[in-house]
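Load the model in your viewer and keep the selection panel open. The stops below go from the whole chain to single residues.

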Amino acid sequence: MIIDRADVIVTSPDRNFVTLKITTSDGVTGLGDATLNGRELAVVAYLTEHVVPLLIGRDPACIEDTWQFLYRSAYWRRGPVTMAAIAAVDVALWDIKAKVAGLPLYQLLGGASRTGLLTYGHASGKDLEELFDSVRDHQEQGYKAIRVQTGVPGLTSIYGIASNATFDANSGVRYDHEPAQRGALPNEEDWDTRSYLRHVPTVFEAVRNEFGPEIPLLHDGHHRMTPIQAARLGKSLEPYDLFWLEDVTPAENPEALRLVRQHTTTPLAIGEIFNTVWDYQQIIREQLIDYVRSAVTHTGGITHLKRVLEYASQYQIKSGMHGPTDISPVGMAAAMHLGLAIHNFGIQEYMKHGARTDEVFEQSFTFEGGMLHPGEKPGIGVELNEQAAAAHPYAQAYLPYNRLADGTVHDW
Ligand code: KDG
Ligand code: MG
């Protein structure tokens with residue numbers, strides 16, 4: 001059996017998704033997610049122009065060899081575009097291998113280490129009233145752990161707040177907490193760290209008073225603080241017992257986390273914009289984090305993220321795989337198989353996709369009582385309805401960016 005063809009399919013049901021479909025000479029197909037939010041077509045070109053021609057005729061069973069070949073033969077290593085492209089090939093090959101074996105992928109990764117995956121959803125509101133409604137809504141949907149993001153007095157538009165709770169994917173406005181907005185230019189948001197640092201602890205105090213001490217709560221700082229600001233935030237949130245505080249400082253500077261760590265016992269998570277084990281080397285070895293935030297989609301696939309998580313397991317660091325709406329159902333399913341199999345699973349982010357996306361990507365995973373399960377279908381358990389996909393052509397969309405009050409561009 002050889003790889004006969006590989007097709008890159010772009011579809012935009014509720015948002016843009018890039019999917020690689022590999023077909024073998026025996027007619028077995030495998031899917032991989034290659035979606036890189038706001039830079040989708042760069043991965044399409046990388047795959048179409050440089051990777052697909054290398055795949056034709058290869059043995060689909062040689063997953064590790066194909067990974068090493070694509071990574072090392074490019075010479076130009078790492079980076080989100082390269083690693084998303086390699087991830088898509090890797091997941092599609094795992095899908096094929098599991099289908100050929102007649103087993104759900106998690107069985108090939110060592111079998112189930114648990115009955116399901118604890119997930120967290122995104123509650124948000126521009127003020128406390130809206131936030132509380134959103135937390136209640138998530139509890140009704142079954143979520144047992146909840147991320148909390150609110151507006152900050154004086155700021156008009158910030159990351160993580162649903163601006164349009166009743167979402168209409170065709171209106172072009174962003175829906176739910178999907179930050180990428182369709183259009184020719186990125187949206188500008190505003191930011192003021194001092195207001196944020198004053199406000200966030202009051203929000204968590206209010207949420208604990210309303211919802212009690214039991215519910216695991218999470219928060220995302222989205223890379224916006226300096227190390228000492230992040231240290232202060234971690235310290236000021238200690239009374240509210242967070243499950244984690246995420247991305248407190250920009251990801252490029254691992255040293256920053258050492259300073260944060262020295263000041264707070266609030267657990268730390270980072271890594272959604274990392275893409276290799278080398279990005280994690282220092283922060284895992286020095287035990288500067290508690291959760292690895294990488295997605296299968298952006299970190300070289302199952303093969304490479306498994307390597308990261310095995311390394312992390314030596315230091316009692318757990319998984320907290322990235323699962324926003326810009327990870328397609330293919331990427332989410334891959335994460336679920338990996339999460340079910342590894343020993344050091346922590347929690348899985350799960351935002352849910354819209355109905356159009358669910359029609360394009362036929363899924364066998366389940367979400368019940370706040371727990372995800374990848375299902376028992378051979379492979380990863382997701383198939384692409386290509387006819388439905390074709391009805392939603394690519395639509396340009398960008399992530400927003402931040403400016404401070406004086407006009408300075410700030411981390412978003
Ligand atoms: O594409 C960017 C989003 O995936 C990111 O902003 C979401 O921070 C995020 C999260 O924690 O889900
Ligand atoms: Mg995040």
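The tour starts with the overall fold, then visits three strands, a helix, the ligand and two loops.

**Whole protein**

Show the full model as a cartoon; it is a predicted model. The cartoon should display 13 helices and 20 strands. With a radius of gyration of 20 Å, close to the 22 Å that the globule rule gives for 412 residues, the protein is as compact as a globular protein of that length. Along the principal axes, the C-alpha atoms fill a box of roughly 60 × 45 × 40 Å. Colour by burial next: 49% of the 412 residues count as buried. If you draw the contacts with a separation of 6 or more, 72% of them link residues 24 or more positions apart.

**Strands β1, β2 and β3**

Select residues 3-11, which are strand β1, and residues 17-24, which are strand β2. These two strands run antiparallel and are joined by eight bridges. They form a hairpin, with five residues between the strands. To check the register, pick V10 and look across to V18 in β2, which stands opposite.

Now add residues 29-33, strand β3. Strand β3 is antiparallel to β2, with five bridges between them. K21 has L31 in β3 as its bridge partner. This second hairpin has four residues between its strands, and G27 in the turn has a positive phi of about 85°.

How much of β2 is buried? Seven of its eight residues are, so the strand is largely enclosed by the rest of the structure. While the side chains are on display, recall that in a regular strand they alternate between the two faces of the sheet.

**Helix α2**

Select residues 63-73, helix α2, and show side chains: I63, T66 and W67 are buried. They cover an arc of only 100° around the axis, which puts them on the same side of α2. The background is that an α-helix has 3.6 residues a turn, so residues three or four places apart point the same way.

Which helices does the buried side meet? Add residues 80-101 (α3) and 301-313 (α10), since the buried residues of α2 pack against both. Then rotate to the face turned away from the buried side, where the exposed residues E64, D65, R72 and S73 are found. After the helix comes Y75, with a positive phi near 70°.

**Ligand 1**

Centre on ligand 1 and select its surroundings: N37, P179, D220, H222, E272, H322, P324, D326, E349 and L399. Coloured by type, this shell divides into four charged, three polar and three nonpolar residues.

**Two loops with positive phi**

Most residues other than glycine have a negative phi. Two residues at this stop have a positive one.

Stay on H222, one of the residues around ligand 1. H222 lies in the loop between β8 (217-220) and α7 (227-237). Its phi is near 50°, a positive value in a residue other than glycine. Is H222 buried or exposed? H222 counts as buried because 20 C-beta neighbours lie inside 10 Å, and 20 or more is the cut-off for that class.

Finish at K352, in the loop between β13 (348-349) and α12 (355-360). K352 is not a glycine, yet its phi is positive, about 70°. With 15 other C-beta atoms within 10 Å, K352 is partly exposed.

Note on methods:
Residues numbered from 1 in each chain as written. Chains lettered and ligands numbered in written order. Predicted model: local features only at pLDDT ≥ 70, side-chain atom pairs only at ≥ 80, totals over all residues. Buried ≥ 20, exposed ≤ 12 C-beta atoms within 10 Å, placed from the backbone. Arc of directions from axis to C-beta. Contact = placed C-beta atoms within 7 Å. Near = placed C-beta within 6 Å. Nonpolar A, V, L, I, M, F, W, Y, C, P; charged D, E, K, R; others polar. Pairing = 2+ DSSP bridges. Rg over C-alpha atoms; globule rule 2.2 N^0.38 Å.
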